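The following explanation leads from the overall arrangement of a protein chain to the surroundings of a single residue. Please keep the sequence and the structure in view while reading.

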Amino acid sequence: QVQLVESGGGLVQAGDSLRLSCAGSGLTFSSYTMGWFRQAPGKEREFVARISRSGGSTYYADSVQGRFTSSRDNAKNTVYLQMNSLKPEDTAVYYCSAGRSSYNPNDYWGQGTQVTVSS
């Protein structure tokens with residue numbers, strides 16, 4: 001059974017940083033592209049970032065480009081999202097995902113972690 005478990009969310013002030021983690025189990029972690037998505041209240045889930053199987057390639061939404069960085073440690077079956085210069089509009093539930101597709105990693109989802117940025 002595949003499990004993705006996010007952690008690291010919390011309440012911070014605008015300009016602060018947070019690092020989210022997502023630990024995977026039940027899958028060959030290094031065989032999956034990993035993604036980060038978020039969903040704000042009343043809005044649809046949106047793409048944030050993805051990272052290739054090796055970690056050598058990343059892609060970000062325009063809204064987070066230059067502020068967020070994704071990395072992974074395949075030895076630890078963990079993917080990270082470093083979030084800097086947080087803004088109130090970054091407030092959302094953040095989900096990690098895993099997928100065989102290089103461009104749409106949505107085969108498996110975590111339960112989400114809340115990030116709240118106060119102004």
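Read along the sequence, the chain follows the pattern β-β-β-β-β-β-β-β-β-β-β. It therefore contains 11 strands and zero helices. The model is a predicted one, and the description below should be read accordingly.

The overall dimensions come next. The C-alpha atoms fill a box of roughly 40 × 25 × 25 Å along the principal axes. For 119 residues, a compact globule would be expected to have a radius of gyration near 14 Å, and the value of 13 Å for this chain agrees with that expectation. Buried residues account for 42% of the 119 residues. The accessible surface comes to about 6,000 Å², and carbon and sulfur atoms contribute 43% of it. Among contacts between residues at least 6 apart in sequence, 54% join residues at least 24 apart.

The pairing of the strands can be traced from the N-terminal part of the chain. Strand β1, residues 3-7, runs antiparallel to β3 and is joined to it by five bridges; here Leu4 stands opposite Gly24 of β3. Strand β3 is in turn joined to β8 by six bridges, again in the antiparallel sense, and Ser21 has Tyr80 of β8 as its bridge partner.

A further set of pairings involves β4. This strand pairs with β9 in the antiparallel sense over seven bridges, and the partner of Phe37 in β9 is Tyr95. Strand β4 also pairs with β5, antiparallel and over five bridges, with Gly35 placed against Arg50 of β5. The hairpin of β4 and β5 has six residues between the strands, and in it Gly42 takes a positive phi near 75°. Is β4 enclosed or open to its surroundings? Six of its seven residues are buried, so the strand is largely enclosed by the rest of the structure.

The interior may now be considered. The largest nonpolar core has 28 residues, of which Met34, Trp36, Val48, Phe68, Leu81, Met83 and Tyr94 touch the most other members. At least two residues of this core are supplied by each of β3 (18-25), β4 (33-39), β5 (46-51), β8 (78-83), β9 and β11 (113-118). The largest share, four residues, comes from β9.

Met34 illustrates how separate parts of the sequence meet. Leaving aside neighbours within four places in sequence, Met34 is in contact with Leu4, Cys22, Phe29, Ala49, Arg50, Ile51, Arg72, Val79, Ser97, Ala98 and Pro105. Leu4 is the residue that stands opposite Gly24 in the pairing of β1 with β3, and Arg50 is the bridge partner of Gly35.

One of the contacts of Met34, Ser97, leads back to β9, since this strand spans residues 92-99 and Ser97 is found in it. Is Ser97 buried or exposed? Its relative accessible area is 0%, and because residues under 20% are classed as buried, Ser97 is buried. The side chain of Ser97 reaches the backbone oxygen of Pro105 at 2.5 Å. Beyond its neighbours within four places in sequence, Ser97 is in contact with Leu4, Thr33, Met34, Gly35, Phe37, Pro105, Tyr108 and Trp109. Leu4 and Pro105 also appear among the contacts of Met34.

Note on methods. Residues numbered from 1 in each chain as written. Predicted model: local features only at pLDDT ≥ 70, side-chain atom pairs only at ≥ 80, totals over all residues. Heavy atoms only, no water. Buried < 20%, exposed > 50% of the residue type's maximum accessible area, 1.4 Å probe, protein only. Polar contact = N/O pair within 3.5 Å; in protein donor to acceptor, adjacent residues only side chain to side chain. Contact = heavy atoms within 4.5 Å. Core = buried A, V, L, I, M, F, W, Y, C linked by side-chain atoms within 4.5 Å. Pairing = 2+ DSSP bridges. Rg over C-alpha atoms; globule rule 2.2 N^0.38 Å. Areas by Shrake-Rupley, 256 points an atom, 1.4 Å probe, with all protein chains shown as cover.
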